[in-house]
Amino acid sequence: EQVRRGLEGKEQETPVFTELSRENDEEKVTFNLNKGAGSSAVATSSKSGSLGPSALKTLGSASSMRRKESSQSSAQPAKKKKKSALDEIMELEEEKKRTARTDSWLQPGIIVKIITKKLGEKYHKKKGVVKEVIDRYTAVVKMIDSGDRLKLDQTHLETVIPAPGKRILVLNGGYRGNEGTLESINEKTFSATIVIETGPLKGRRVEGIQYEDISKLA
């Protein structure tokens with residue numbers, strides 16, 4: 001009975017329920033279930049996984065800079081590789097190989113020999129200098145011994161091969177128009193070896209040039 005009285009005299013504890021509230025909207029409410037039922041819930045703040053305005057602004061600026069750099073790099077034209085002297089010479093060689101032979105070979109300043117007998121013995125096998133070329137196939141030739149001027153078709157003329165060491169002009173083929181020096185001749189193949197003396201191919205040694213493709217310079 002004394003025990004009952006003691007219990008009646010003691011105030012019974014009743015649980016008190018409080019309303020949960022968050023001062024900050026970004027705070028997360030967590031419940032600790034490991035504690036007793038009487039434990040009150042506590043609100044703990046945690047960092048949000050989302051990025052703040054300042055972080056988004058920084059990322060936006062970096063992305064904009066990358067796009068700008070990319071557009072600038074793509075806008076810049078690719079630099080052309082500078083050609084070396086060897087590349088240029090090789091291109092010239094290829095161009096000369098593609099150059100077709102022509103059916104006319106007369107050039108001013110060369111020495112020619114008259115091979116027609118229609119003009120008589122006075123001019124047959126005599127040499128002259130081409131002073132003028134008319135319509136590609138006709139030349140005005142000044143005779144070396146007499147000084148006479150004759151108008152002749154190229155079919156009445158032939159080229160003159162000088163002694164080794166003398167100057168020549170290439171009249172046909174890939175090296176047409178280049179001056180050179182006769183190095184040697186090959187009587188069996190009716191060809192010559194020359195050294196180019198003008199243009200970008202100066203110093204080049206060329207073998208197998210046919211007699212009709214070169215002539216002595218006056």
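Contacts between residues 24 or more positions apart make up 42% of the chain's contacts with a separation of 6 or more. The model behind this value is predicted. The chain has 218 residues, and 23% of them are buried. Three helices and twelve strands are assigned. The accessible surface comes to about 16,600 Å², and carbon and sulfur atoms hold 51% of that area.

**The nonpolar core**

The largest nonpolar core has 16 residues. Trp-105, Ile-110, Val-112, Ile-114, Val-141 and Leu-157 touch the most other members. Three elements give two or more residues to this core: β3 (111–114), β5 (138–143) and β6 (149–153). β5 gives the most, with three residues. In soluble globular proteins, nonpolar side chains tend to be buried together.

β5 and β6 are also partners. They run antiparallel and are joined by five bridges. Thr-138 has Asp-153 in β6 as its bridge partner. The two strands form a hairpin with five residues between them. In that turn, Gly-147 has a positive phi of about 85°.

Which side chains of β6 are buried, and which are not? Leu-150 and Leu-152 point to one face and are buried. Arg-149, Lys-151 and Asp-153 point to the other face and are not buried. In a regular strand the side chains alternate between the two faces of the sheet.

**Strands β8, β9 and β10**

β9 (residues 179–186) pairs with two strands. With β8 (residues 167–170) the pairing is antiparallel, over three bridges. Arg-167 stands opposite Thr-181 of β9 here. With β10 (residues 191–196) the pairing is again antiparallel, over six bridges. There, Gly-180 stands opposite Ile-196 in β10. β9 and β10 form a hairpin with four residues between them. Phe-190 sits in the turn, with a positive phi of about 50°.

Thr-181 lies in β9. This residue is buried, because its relative accessibility is 18%, and the cut-off for buried is under 20%. Its contacts beyond four places in sequence include Gly-165, Lys-166, Arg-167 and Ile-168. Thr-193, Ile-194, Val-195 and Glu-197 are also touched by Thr-181. With Glu-197 there is a polar contact between side chains.

Ser-191 is found in β10. Ser-191 is buried too, at a relative accessible area of 7%. Its side chain makes a polar contact with that of Thr-189. Beyond four places in sequence, Ser-191 is in contact with Ile-185 and Asn-186. Gly-208, Ile-209, Gln-210 and Tyr-211 are in contact with Ser-191 as well.

The two side-chain polar contacts are set out here.

| Side-chain pair | Polar contact |
|---|---|
| Ser-191 and Thr-189 | 2.6 Å |
| Thr-181 and Glu-197 | 3.0 Å |

Pro-164 lies in the loop between β7 (157–159) and β8. At 56% relative accessibility, Pro-164 is exposed. Leaving aside neighbours within four places in sequence, Pro-164 is in contact with Leu-182 and Glu-183. The C-alpha atoms of Pro-164 and Thr-193 are 9.5 Å apart. Along the chain, Pro-164 and Thr-193 are separated by 29 residues.

**The aromatic pair**

How many aromatic pairs does a search of the whole structure find? The search finds one. The rings belong to Phe-190 and Tyr-211, with centres 6.1 Å apart. Their planes stand at 85°, so the pair is edge-to-face. The cut-off for that class is over 60 degrees.

Phe-190 lies in the loop between β9 and β10. Tyr-211 lies in the loop between β11 (205–210) and β12 (214–216). The pair therefore ties together parts that are 21 residues apart in sequence.

Are the two rings' residues buried or exposed? Phe-190 counts as exposed, at 54% relative accessibility. Tyr-211 is buried, with a relative accessible area of 19%. Tyr-211 is also one of the residues in contact with Ser-191 of β10.

Definitions and conventions: Residues are numbered from 1 along each chain as its sequence is written. This is a predicted model: local features need pLDDT of at least 70, side-chain atom pairs count only at pLDDT 80 or more; totals for chains, interfaces and linings use all residues. Side-chain values use heavy atoms; hydrogens and water are left out. Two strands pair if DSSP finds at least two bridges between them. Rings of Phe, Tyr and Trp (its six-membered ring) pair if their centres lie within 6.5 Å; planes under 30 degrees apart count as stacked, over 60 as edge-to-face and the rest as tilted. Buried means under 20% relative accessible area, exposed over 50%, partly exposed in between (1.4 Å probe, protein chains only). Contact means heavy atoms within 4.5 Å. Accessible areas come from the Shrake-Rupley method with a 1.4 Å probe; for residues, only the protein chains shown count as cover. A polar contact is a pair of N or O atoms within 3.5 Å; within protein, one must be able to donate a hydrogen and the other to accept it, and residues adjacent in sequence count only if both atoms are side-chain atoms. A nonpolar core is a set of buried Ala, Val, Leu, Ile, Met, Phe, Trp, Tyr and Cys residues joined through side-chain atoms within 4.5 Å.
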